[in-house]
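Got your viewer ready? Load the model and follow along, one selection at a time.

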Amino acid sequence: MERHQISLYLVAIVVGGFSGWLTPAAAKPFELSITPVLGALLFATFLGIPFSKIGQAVRDGRFITTVMVLNFLIVPIIVFGLSRFVAHDQALLIGVMMVLLTPCIDYVIVFSGLAGGSSERLLAAAPLLMLTQMLLLPLYLLIFIGPHLVSAIEPGPFIEALVLLVIIPLVAAALTQRWACRALAARHLMAFMQGLMVPLMMLTLAIVVGSQIVGVGQELRSLLAVIPIYIAYLIVMVPTGMLAARIARLDVGSTTAVVFSGATRNSLVVLPLALALPEPLALVALVVVTQTLIELVGMVTYVKALPRLISTQHTTSYI
């Protein structure tokens with residue numbers, strides 16, 4: 001199943017899209033199920049994090065520093081520049097900012113691994129990336145969008161998402177790993193959840209697309225404005241990530257992981273925040289979903305093209 005996961009994810013998107021389009025009444029149940037399904041997915045993801053080795057990973061200073069600088073210093077500058085093309089529309093601007101300022105911590109590990117990236121380093125960095133983005137996102141929105149628009153965004157959903165989607169799954173995963181050191185049942189649970197990773201990702205993608213597909217169709221004209229921004233972001237982040245990794249003198253696997261970390265965004269975690277926004281900003285959720293669709297196509301291209309590009313860069317750098 002893992003060997004064909006990219007194809008399976010695309011199938012899940014198509015099935016979810018058709019289900020939501022043909023049965024509009026299913027949108028609400030799909031939407032209500034996003035948070036619990038996503039929580040289960042993140043619990044399974046966090047179970048794969050070697051918590052006992054996080055200290056060692058954090059001490060991997062060059063990789064961690066590169067990933068953090070790229071995502072929280074360089075990316076915000078790029079996003080600010082790209083977002084100027086939709087600065088005239090509040091909903092489009094907030095949606096682009098919310099999704100592009102938050103680095104992915106789940107399926108980035110899968111795609112990076114498929115391209116030969118150091119998935120174990122991304123796994124170890126995942127909690128740090130998640131907690132940092134939840135702390136910095138409100139600050140970025142305040143700086144880039146301004147206090148007038150930010151005042152329309154209630155902090156409650158952000159705190160709720162942090163607790164439900166990060167803290168609870170993270171603590172549960174850490175406790176399960178500790179329990180597994182002395183209990184066979186916990187080891188079986190970990191193996192079972194790891195086996196569910198691909199089905200859970202498929203289910204998450206299907207219900208996310210199914211819950212929003214009708215809205216995407218109704219607002220297609222407005223959403224067309226953000227598609228070039230998302231494509232441009234994926235293109236720009238390849239040389240940007242490669243340059244950052246080269247400056248840090250990272251190896252091929254780490255360079256691949258850095259590029260994927262900078263390019264993939266946390267749309268599935270941001271979506272519950274977007275859905276909690278007030279009615280005048282309802283389009284924000286559709287802007288986030290549109291990014292998910294564009295990014296998954298981009299990830300297929302990344303998996304095929306990046307190994308060759310990065311190997312060529314490293315080969316020429318040593319000539």
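Start by selecting I159, which is exposed, with a relative accessible area of 52%. Here, exposed means over 50% relative accessible area, buried under 20%, and partly exposed in between (1.4 Å probe, protein chains only). I159 sits in helix α9. Helices (H or I, at least four residues) and strands (E, at least two) are DSSP runs, numbered from the N terminus.

A word on ground rules: this is a predicted model, where local features need pLDDT of at least 70, side-chain atom pairs count only at pLDDT 80 or more, and totals for chains, interfaces and linings use all residues. Residues are numbered from 1 along each chain as its sequence is written, and side-chain values use heavy atoms, with hydrogens and water left out.

**The surface patch**

Now add L131, V163, L164, I167, I168, V171 and L175 to I159: together they make a nonpolar surface patch of about 650 Å². Patch members have over 30% relative accessible area and no salt bridge, and nonpolar side chains (Val, Leu, Ile, Met, Phe, Trp, Tyr) are joined within 5 Å. A salt bridge is a side-chain nitrogen of Lys or Arg within 4 Å of a carboxyl oxygen of Asp or Glu. Areas come from the Shrake-Rupley method with a 1.4 Å probe; for residues, only the protein chains shown count as cover. Which helix gives the patch its largest share? Colour helix α9 (residues 155–180): seven of the residues come from there.

**Two buried stops**

Next, pick S83 in helix α4 (residues 61–83). S83 is buried, with a relative accessible area of 0%. Setting aside neighbours within four places in sequence, S83 is in contact (heavy atoms within 4.5 Å) with L93, V96 and M97.

Hop to I34 in helix α2 (residues 27–47). I34 counts as buried at 2% relative accessibility. Beyond neighbours within four places in sequence, its contacts include I207, V208 and L271. Try a distance, too: I34 and L10 are 24 residues apart in sequence and 18 Å apart in space, C-alpha to C-alpha.

**The core**

Select F111, F260 and Y302, which touch the most other members of the 119-residue largest nonpolar core. Such a core is a set of buried Ala, Val, Leu, Ile, Met, Phe, Trp, Tyr and Cys residues joined through side-chain atoms within 4.5 Å. Helix α16 (residues 283–317) gives the most to this core, with 14 residues.

**Zoom out**

Finally, show everything: you'll find 16 helices and zero strands.

Definitions and conventions. Patch = residues over 30% accessible without salt bridge, like charges linked within 9 Å, V, L, I, M, F, W, Y side chains within 5 Å.
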